[in-house]
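Colleague: I have a few questions about this structure. Could we go through it together?

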Amino acid sequence: MTSFDRRDLGLLLLRLGTGGVLAAHGTQKLFGWFGGGGLSGTGQFMESVGYAPGRASAAAAGLAEAGGGTLLALGLATPAAGAAAAGAMAGASAVHAPNGFFNQSGGYEHAASLGLAAAGLAVTGPGRRSLDHALGHAVDRGWMVPVALAGTAAVTLAVVGLRNKRLRSEKEGEQGELFDEDSMSSRG
């Protein structure tokens, strides 16, 4: 390996950037760092957008983002790290999807970009400038990529599906009464 291998340097930069943003975002949820709501505030937000129970949802999302982001930045357990972060971003994208694509309108652009970068790193691997490479790829085997991505996809689909079902149920409850009971009894 030459000291300036472009591919490995590019993967290192992508891992550090994507992983760093994800880790910072996750610590907002877990600890309230960087102006975040911590578990309590984020839990309340999660409940308001249909993820219940809120505090457990906040902890799961925070761990996937902070843990997955940190591991991506280090280049350690890259398939699992990338899959976990991608799953969290898919859940975030579901929240922002009704606002369209672009972030300026509250859309899912940012979450989708982070999720796709994390999934791409899970598939591509961390490169030679990584802990995975230094440890002989003990937790970065080829078979781990489809297993991690499929497992995360199944869990993400279930969680987002339950959220959507919960939101539909709440919306149906808001439709109001079909008949006004007071006007019906005054006619009788």
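Modeller: Certainly; please bear in mind that this is a predicted model. A good place to begin is helix H7, whose buried residues are covered by elements including helix H4 (78–96) and helix H5 (109–124).

Colleague: How many residues does H7 have, and what span does it reach?

Modeller: Helix H7 runs over residues 144–173, which is 30 residues, and reaches 43 Å from its first C-alpha to its last. That is close to the 44 Å expected at 1.5 Å a residue.

Colleague: Which residues in H7 are buried?

Modeller: Met144, Val145, Ala148, Thr156, Val160 and Arg163 are buried in H7.

Colleague: Turning to the interior, how many residues has the largest nonpolar core?

Modeller: The largest nonpolar core has 13 residues, and Leu22, Leu72, Ala85, Met89 and Ala118 have the most contacts inside it. At least two residues of this core come from each of helix H1 (6–31), helix H3 (54–74), H4 and H5. H4 gives the largest share, five residues.

Colleague: What does Leu22 touch?

Modeller: Leaving aside residues up to four places away in sequence, Leu22 touches Glu65, Ala66, Gly69, Leu72, Ala85, Met89, Leu114 and Ala118. There is also a second, separate core of eight residues, with Met46, Ala58, Ala61 and Val160 among them. Val160 is one of the buried residues of H7 as well.

Colleague: And on the surface, which residues form a nonpolar patch?

Modeller: Phe31, Trp33 and Phe34 form that patch, with about 400 Å² of accessible area together. Trp33 is located in the loop between H1 and helix H2 (38–48), and Phe34 is found in the loop between H1 and H2.

Colleague: Why does Trp33 count as partly exposed, and Phe34 as exposed?

Modeller: Trp33 counts as partly exposed because its relative accessibility is 46%, which falls between the 20% and 50% limits. Phe34 counts as exposed because its relative accessibility is 62%, and the limit for exposed is over 50%.

Colleague: What about backbone geometry?

Modeller: Most residues other than glycine have a negative phi, and most peptide bonds are trans. Phe34 has a positive phi near 55 degrees. Ala77 also has a positive phi, near 55 degrees; this residue lies in the loop between H3 and H4 and is buried, at a relative accessible area of 15%. In addition, a cis peptide bond joins Ala52 and Pro53, with omega about -5 degrees. Pro53 is in the loop between H2 and H3.

Colleague: Changing topic, how many salt bridges does the structure hold?

Modeller: There are four salt bridges. In one of them, the side chains of Arg128 and Asp8 meet at 2.6 Å, N to O. This pair links distant parts of the chain, 120 residues apart: Arg128 is in the loop between H5 and helix H6 (131–134), whereas Asp8 is in helix H1.

Colleague: Is Asp8 buried or exposed?

Modeller: Asp8 counts as buried, at 1% relative accessibility, while Arg128 is partly exposed, at 33%. Asp8 also meets Arg7 in a salt bridge at 3.7 Å, N to O. Asp5, Arg7, Asp8 and Arg128 are linked in a network of salt bridges.

Colleague: Where are Glu65 and Lys29?

Modeller: Their side chains, those of Glu65 and Lys29, meet in a salt bridge at 3.0 Å, N to O. Glu65 is in helix H3 and Lys29 in helix H1, 36 residues apart. Glu65 counts as buried at 2% relative accessibility, and Lys29 is buried with a relative accessible area of 12%.

Methods. Residues are numbered from 1 along each chain as its sequence is written. This is a predicted model: local features need pLDDT of at least 70, side-chain atom pairs count only at pLDDT 80 or more; totals for chains, interfaces and linings use all residues. Side-chain values use heavy atoms; hydrogens and water are left out. Helices (H or I, at least four residues) and strands (E, at least two) are DSSP runs, numbered from the N terminus. The expected span of a helix is 1.5 Å times one less than its number of residues. Buried means under 20% relative accessible area, exposed over 50%, partly exposed in between (1.4 Å probe, protein chains only). Contact means heavy atoms within 4.5 Å. A nonpolar core is a set of buried Ala, Val, Leu, Ile, Met, Phe, Trp, Tyr and Cys residues joined through side-chain atoms within 4.5 Å. Patches are made of residues with over 30% relative accessible area and no salt bridge: like charges are joined within 9 Å, nonpolar side chains (Val, Leu, Ile, Met, Phe, Trp, Tyr) within 5 Å. Accessible areas come from the Shrake-Rupley method with a 1.4 Å probe; for residues, only the protein chains shown count as cover.
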